[in-house]
Each structure stands twice: as structure tokens, then as C-alpha cells.
2 protein chains.
Amino acid sequence: VYRAKGKKVAAYRAAEFIQDGMIVGLGTGSTAAFFIEALSLRYKTGLMLEGVVPSSKRSAELARLSSLPVRNLNDVDRIDITVDGADEIDSLKRMIKGGGGAHMREKILAFCSKEMVVIVDESKIVSTVGMTKLPIEILPFGATKTGTNLETLGYEGHWRAEDEVRFITENGNYIYDIPFKTPPLEPERLDQQILRIPGVLETGFFFNLAGRVVIGYENGSVSIWH
Amino acid sequence: VYRAKGKKVAAYRAAEFIQDGMIVGLGTGSTAAFFIEALSLRYKTGLMLEGVVPSSKRSAELARLSSLPVRNLNDVDRIDITVDGADEIDSLKRMIKGGGGAHMREKILAFCSKEMVVIVDESKIVSTVGMTKLPIEILPFGATKTGTNLETLGYEGHWRAEDEVRFITENGNYIYDIPFKTPPLEPERLDQQILRIPGVLETGFFFNLAGRVVIGYENGSVSIWH
């Protein structure tokens, strides 16, 4: 797997942050999958967990296969730490997520957690957030119009699809991907403008959510932003 | 039906606004139902319509039973006018909707329309918006936590339910109703604060959406705000 080494060392390093008795939120994606693997290894060798709370069916399945004690977000009294990947992160810890289409639940989970630990390989570090694209979750009702309304902001996107079948999130919605030719000057302002359009449910921008950031490199080294 | 007269005269007056060749958005609720009835009568006596676009399954069913030419929002090139009720409206045309739980689709439809005509009986006119309650559509994933996060804004709400079964919107979500003891001083600001919480999908606040407002009175008279 491309960049698997960087992802894996970041994930395994983050697993060392988990302490006995914690409730741990699980992100979604290839890096989060390495974290689930690493957490499972620690769990099987004596780490006590009050529970893990997945942000997607995929991660829930992975966690169950790894015998982790899966719990529902509605049924726990807290999330001590959530560990999740990111598609982009800049030095202000502003992120873009949603490449896997799970960002709405991931954002809820991160927001409900005492700390969100971000695990990325070095390729995810950007000078300013908005280098590639912004995934936006859109209600199917009137989606064509909502896409047109987004274009009035100056961004022409496209509906995520595979083999011409439109991608459906676990919440039953579409993903509209806005490509960036150049990063937005004020991503926070753009985010507000996008969220103001009815039919937009959530953007892939994550602001003020990241705690520690664990960066894994292909040479096996790790650096941590506090 | 309580206040049926005021609702009915407002709805019938608004139906006179509809012109040949229009595409008409249909709201949801008891007042909108009177409008569908009135529009159907006009349609059966010669009014030409390019289509009607309902904001809910209930209104779609009513429209079909009335033989109106129902179309999907994604398939029309415009909405000329949408006619819908409101739970509250003040002199700045700020509204609260969502008593019927359909406000997310209603807001999309209103936003996509050249004009939203609001039809209300006199009891819906308030001095400032926020006299009773604010319905909020919430994603089921983590809903308990999202409710707790809303409480930190100072409002303790409750999950809409009937016979202890939680109400589910047509989008598959819950409704959290926030009661107001006194109206919020800055409803626009409160709206932004609420929308910033992940898991919140849409509030019942409608700002900058109302065009003409048709008010029906129990004595059969009608007044119109332009």
C-alpha cells in the first residue's frame, strides 16, 4: 500500500497514548484501520478499555473482527480520545477530511471527544488547507439545485460516484467534491458560506478540533505536534 | 378545525398569485394543504401549470390525489413560487417552521424559489420570532451527545416523540425541540451557534426567505405584506 509505512508508524505511535479505562473514538480510513490494528494488539496484551466508538460501519466491523469492545456513541458518557486520519492538515491544525465520505460522523465524534488525535503520513501536511478538494455532504432532496447554489460561490464541483453510480454515505446522502485550483484565502469564511446553503449537511473542513498530531514518515520516524 | 377559516382564506388568496406556466413549490402542513386544495381547484378550471414540487411525501400525496402535475425538485429548471405556512412570523419576516418536522426540505425548496409566499392565520404573527419553540433536525448518530451540546447554549430541549416513539423525519433524522421562555435577543446569532454544532442538520429559523406574506383572519378578511 502506497505510503503504508508512514501511516502505520503514526497509527502505532498514537496507540501508545491510550490508557487503561479509556473510551476511544475510532476514525475511518486506511490510517485509522492501522490504529484499530495497533489498539487491538494492545487490548489483546492487557490494555483495559471501557469501549471503542466507531465513526462508521467499516470501522465498527474492523473493531469487531479485532474483538474490541464496540459501543454506540449514544450509550457512552464520554469519549476520552478519538484517533482519526486526515486528507490534509496545515500548521494551524486546520484539516480537510471526507475522502472516505465519513466526515459527518467523524466530526460529531471528534467534537464529542476530550481530545482528537490526528494520525497522518507526511504527505498530508500542507502549507495551507485546501490544496486538493473539499468533500461536502448533501441531502439528496434538491441536490441538483444545491450543487448549482454551491457553484454561485465560484466552485464547480462534481458528485462523487463509482462506475457512474452515485456514492451514498452511511447517512443516506450524496458527496459533492469541490476541487481547489488554489487554496481558499479564508477557509473559515468559505466554510460558513457553504454551510449557509440549505441542503448542505456538513463540509470536510475541521477547525479547532485537532489536539496532538502524529506524523509518520516513510523512513519509519515519527514527529508529534502538541 | 381550529383557526381553519384564517388558514383557508390565506391559502385561497395565495392561489390567486399563481399564473399560467408556473412551477409551484408546495409547503407542508394544514395551511399548505388548503393551498393545495385551492390550487387544484384553479388547475381543474383551466390554470396551466408546468408542475408542482412538494416538500414532503404528505404534500406529494395530497397533490397527486388532487391530480396536480407533481415533479421532483431535481428535475425542474426553476421554481417560480413556493407557498408555505409558518409557525411564527414577525414584522421583519423572520420565521420559525418545523412544527410538522418538514422544515429541512421546506427550506431547500424556499431557497431555490424565485419567491416564497408565506400563508398564515393571524395567530402566527408575533412581535419577535421565538415565542414558543425552535425545531432542530438532528442526525441520529450521536444524537444524545448533540442534544447535550445544544444544552450548553442554555436551552434544554426535548426529542419530539409520539406515544414514546421518537419522531423520524422523511430524511431519517430526529427532531429536537428547544422551548423558549423568552424570545432570543439575536435569533440570527443563535441560529449560527446552533448550526455550528456537528450533528445539527437544520434549524427551523427561516431568515431572508419570505416574500409576500398573506395573513388570513377568522372573520374572513385577508391582509398582505409586500
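**Exercise 1.** Determine whether Asp163(A) is buried, partly exposed or exposed.

*Solution.* Step 1: recall the classes, in which buried means under 20% relative accessible area, exposed over 50%, and partly exposed in between (1.4 Å probe, protein chains only). Step 2: apply them; Asp163(A) has a relative accessible area of 72%, so it is exposed. Step 3: locate the residue, which sits in the loop between β9 (161-162) and β10 (165-166) of chain A. Helices (H or I, at least four residues) and strands (E, at least two) are DSSP runs, numbered from the N terminus. Step 4: note the backbone, since phi of Asp163(A) is near 50 degrees, a positive value in a residue other than glycine.

The model is predicted: local features need pLDDT of at least 70, side-chain atom pairs count only at pLDDT 80 or more, and totals for chains, interfaces and linings use all residues. Residues are numbered from 1 along each chain as its sequence is written, chains are lettered from A and ligands numbered from 1 in the order in which they are written, and side-chain values use heavy atoms, with hydrogens and water left out.

**Exercise 2.** State which strands stand at the edges of the open sheet β4-β5-β13 of chain A, and why one side of each is left without a neighbour.

*Solution.* Step 1: read the order of the three strands, β4-β5-β13 (chain A), with antiparallel pairing. Step 2: find the edges; β4 (88-89) and β13 (205-206) of chain A each have a single partner strand, so one side of each lacks a neighbour in the sheet. Step 3: examine one pair; β4(A) and β5 (residues 95-96) of chain A are joined in the antiparallel sense over two bridges, and two strands pair if DSSP finds at least two bridges between them. In β5(A), Ile96(A) is the bridge partner of Glu88(A).

**Exercise 3.** Describe how helix α4 of chain B is placed, and what α4(B) gives to the side of chain B that touches chain A.

*Solution.* Step 1: consider burial; eight of the nine residues of α4 (residues 103-111) of chain B are buried, so the helix is largely enclosed by the rest of the structure. Among them are His103(B), Met104(B) and Leu109(B). Step 2: turn to the contact (heavy atoms within 4.5 Å), which takes 29 residues from chain B and 30 residues from chain A. Step 3: identify the elements; α4, α5 (143-151) and β12 (200-203) of chain B each give two or more residues to the side that touches chain A. The largest share, five residues, comes from α4(B).
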